[in-house]
Amino acid sequence: MEITEVRIKLMEETSERLCAFCSLTIEGSFVVRDLKIIQGSKGVFVAMPSRKLTDRCPKCHFKNHLRATFCNQCGVRLRSERAIKDDDGRAKLYADIAHPINSACRDMIQQKVIAAYEEELIKSQQEGYICTYDDYGEESYASLDSTESEHEHHSSPSTEQPSSSRIHLETEDGKHHRIDPQSQPEANSNSSREHQQQKKKQESFGDGII
Ligand SMILES: [Zn+2]
C-alpha cells in the first residue's frame, strides 16, 4: 500500500495537545480524512479517525455518549462506568473508523504523516502559505441570531413599521406622560437608561418618517 499524498491542517492554538488534522490519499485513489496529530509525552503521534461510542437510553432509546451521566433526551440518570474496558483497564469510549491492521502499516503511516507535518510547519512560516487540507469548517463557530441584530431588523424600514410606531409615539407624547423619556428621573438603573436609549432610537426613527 502506498500513500501518495498527505494533507495537513495545522491548529492555530499551539498550546493544545491537538497539533493538526490530516488526510491521506492511498494509491492516488482513496482518501481517509480526520486523522489527528497529537502531542504526546514522547513526542507527536498519529491518531486514526474515530467516532464517539454511544449506547441507548433504556427509557427513551436516545443515543448517548458512554460518558453521559444523564440522558440528553429525557434526562434519566444513566449508570456510570458502562463502557467496555480495554486490556489496560481503560474505558473504551471511541472506536476507530479506519485503521491499520498491522504494525508495519501503522509505522509507515506514522512516518509519512509526521514527515509531512514537519514539512508543513516549515511551509507555514513562508509568505503566501496556503493550507491544502479540505476544510469543511467543522472547527469554526456558528453565527448567532443575537437579540441585537434582531432588534435592528425590527427597526429597519418596512411597510408596516412606520405608521404603527408613529401612532405609538403620538400616544405617548399626548396622553401617557409617565412613560415619556424626558419626565423620567435621570439617576436611574442601567436598565431604564437602556430603555430610554431604545426609546430615543424609536423616536428618531419616527421623526425621520414624519
Ligand atoms: Zn432517555
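**Helix α1 and the sheet it packs on**

Colleague: Which residues of α1 are buried in this predicted model?

Modeller: In α1, the buried residues are I109, V113, A116 and E120.

Colleague: What makes a residue such as V113 count as buried?

Modeller: A residue is called buried if 20 or more other C-beta atoms lie within 10 Å of its own. V113 is buried, so it meets that cut-off.

Colleague: How do you know where on the helix the buried residues lie?

Modeller: Viewed down the axis of α1, they fall within an arc of 65°, and therefore they line one face of the helix. In general, an α-helix has 3.6 residues a turn, so residues three or four places apart point the same way.

Colleague: Which exposed residues does the face turned away from the buried side carry?

Modeller: That face of α1 carries S103, A104, D107, Q111, A115, E118, E119 and I122. They are called exposed because each has 12 or fewer other C-beta atoms within 10 Å of its own.

Colleague: What covers the buried residues of α1?

Modeller: The cover includes β1, β2, β3 and β4. Helix α1, residues 103-123, packs on the sheet and touches these four strands. The direction of α1 makes about 50° with that of β1.

Colleague: How do you know that the length of α1 agrees with that of a helix?

Modeller: At 1.5 Å a residue, its 21 residues should span 30 Å. The end C-alpha atoms of α1 are 30 Å apart, which agrees with the expected span.

Colleague: Why are β2 and β3 called paired strands?

Modeller: Two strands pair if there are at least two bridges between them. Strand β2 (residues 18-26) and strand β3 (residues 30-40) are joined by 7 bridges, so they pair. These two strands run antiparallel, and A20 stands opposite I37 in β3.

Colleague: What lies between β2 and β3?

Modeller: The two strands form a hairpin with 3 residues between them. In the turn, E27 has a positive phi of about 50°.

Colleague: How many bridges join β1 to β2?

Modeller: There are 7 bridges between β1 and β2, so this pair also satisfies the cut-off of at least two. Here L10 stands opposite A20 in β2.

Colleague: What is the order of the strands in the open sheet?

Modeller: The order is β1-β2-β3-β4, with antiparallel pairing. The edge strands are β1 (3-10) and β4 (43-47), as each pairs on one side only. On average, neighbouring strands of this sheet are turned by 25° against each other, direction ignored.

Notes:
Residues numbered from 1 in each chain as written. Predicted model: local features only at pLDDT ≥ 70, side-chain atom pairs only at ≥ 80, totals over all residues. Axes fitted to C-alpha atoms, helices over the stretch in contact; angles between N-to-C directions. Contact = placed C-beta atoms within 7 Å. Expected span 1.5 Å × (residues − 1). Arc of directions from axis to C-beta.
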